[in-house]
Amino acid sequence: MPALPHISRRHMLGGAALVAATGFPMINLGAYRLSAASPRTYSKRAVDLVRSSLVIDMLEVLKIDDRPQFYGAAMTTKDEADFRACGITGFHHSVGMGGPTAHEDTLEWIALSQGYIGRAAHLFTLVDKAADLDRAKKQGKIAIILGLQNSEHFRTPADVKLFYQIGQRVSQLTYNSQNLLGTGSTERVDGGVTDFGVEIIKAMNQVGMLVDVSHCGARTTLDAIALSPKPIAVTHSNCRALVDHPRLKSDEAIRALAAKGGVMGITGVRMFVSAKEPTGIPQIVDHIDHVVKLVGVDHVGIGSDADLNGYEDMPPEMYAQLKAAYKASYAFRDKIDTDGYDHPQKIYDLTEELIRRNYSDANIAAILGGNFRRLLASTWGG
């Protein structure tokens, strides 16, 4: 039997303190499990960073399979355990609504979401101002930001104020297709932000609703950045310089976004992460690195574009329907999830990779949520 390494009393006490503070059992020297049932272990630095940082995922839905029966059912024990273990304080819960009934459908979705959140008040809190994220962190709760990935529910500029009053805090101007505000990323021709889109952006700025251009076409993205007096967001996209996909953002757009004080959330959707294998967390962090090198660490964050368990856990028929609903240019691969980024503790794995890339603690905290916290405060107040 090989000799055991010498472990000082101070080191032992340090490990004991972390276990006492977190409830995470220490498996090996410096390796911690987030729960007894989890096979994954993390370094003390990663655990400390996630625990101490305000982690905001600017596209993390409560459930991808969010049919009305999900919202009406009681939260399962597993779901609550996953939420508590994830390390994320701020969830941007956002879906896309389109078509002639978008207004009514969005009203119903907001009501269902608020009902689900309200019935789990021991776990969730709804976000109004940026300070609500800080309060949730202190209380050990999850703060839910209500958003929409399309703005077809705005029939007139006056509707922006109505939806703000009932809880919406973020609105993406277009989904992938043309609408009355502008052009989506998969249209052949991008005409930019329309006259109606100009009015909606103005109304959003007036009430304090964040403008999002994640799915917008290239011209519409640049127009929105230029038209909005306040900084805007790309809540969930990646870098076109690394993957040539119509849904991703050019260096020109990223520079323009940053010049106005905006922030870009990096997504874990597989075909947006890498055009080839392997497609894992290192390739996600390649996109973070690219934004940092291009415009600085203050303009990048997280926008996973999934729920805590990812797409591969969807019912097979729903998974097939989701893929079939998009144009061929979306170029889905066999899997949608990125390897290693498809489980409730994925933020810890992302943090470990940022540590491996020699990011400082301050910069990791900024990427995990500090940058979006600053942007949200500049739009919402608080």
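This briefing covers the largest pocket, helix 14 and the surroundings of Asp289. The structure is a predicted model, in which local features need pLDDT of at least 70, side-chain atom pairs count only at pLDDT 80 or more, and totals for chains, interfaces and linings use all residues. Residues are numbered from 1 along each chain as its sequence is written, and side-chain values use heavy atoms, with hydrogens and water left out.

**Largest pocket**
- The largest pocket has a volume of about 920 Å³, the space filled by probe spheres set on grid points joined across faces, edges and corners.
- Of its 44 lining residues, Val95, Gly96, Tyr175, Leu322 and Tyr326 are the closest to the centre.
- A pocket is an open set of points on a 1 Å grid over the protein atoms alone, where a 1.4 Å probe fits, with protein on both sides within 12 Å along at least five of seven lines; lining residues have an atom within 4 Å of a point.
- Helix 5 (102-119) gives the most to the lining, with four residues; helices (H or I, at least four residues) are DSSP runs numbered from the N terminus.

**Helix 14**
- Ten of the eleven residues of helix 14 (346-356) are buried, that is, under 20% relative accessible area with a 1.4 Å probe, protein chains only.
- Helix 2 (44-52), helix 12 (281-295) and helix 15 (361-380) are among the elements that cover these buried residues.
- Asn358, which follows helix 14, has a positive phi near 70°.

**Asp289**
- Asp289 lies in helix 12 and is buried, at 13% relative accessible area.
- Its side chain makes a polar contact (N or O atoms within 3.5 Å, one able to donate a hydrogen and the other to accept it; residues adjacent in sequence count only if both atoms are side-chain atoms) with the side chain of Arg357, at 2.5 Å.
- Not counting residues up to four places away in sequence, Asp289 touches Arg357 and Tyr359, contact meaning heavy atoms within 4.5 Å.

Definitions and conventions. Helices (H or I, at least four residues) and strands (E, at least two) are DSSP runs, numbered from the N terminus. Buried means under 20% relative accessible area, exposed over 50%, partly exposed in between (1.4 Å probe, protein chains only).
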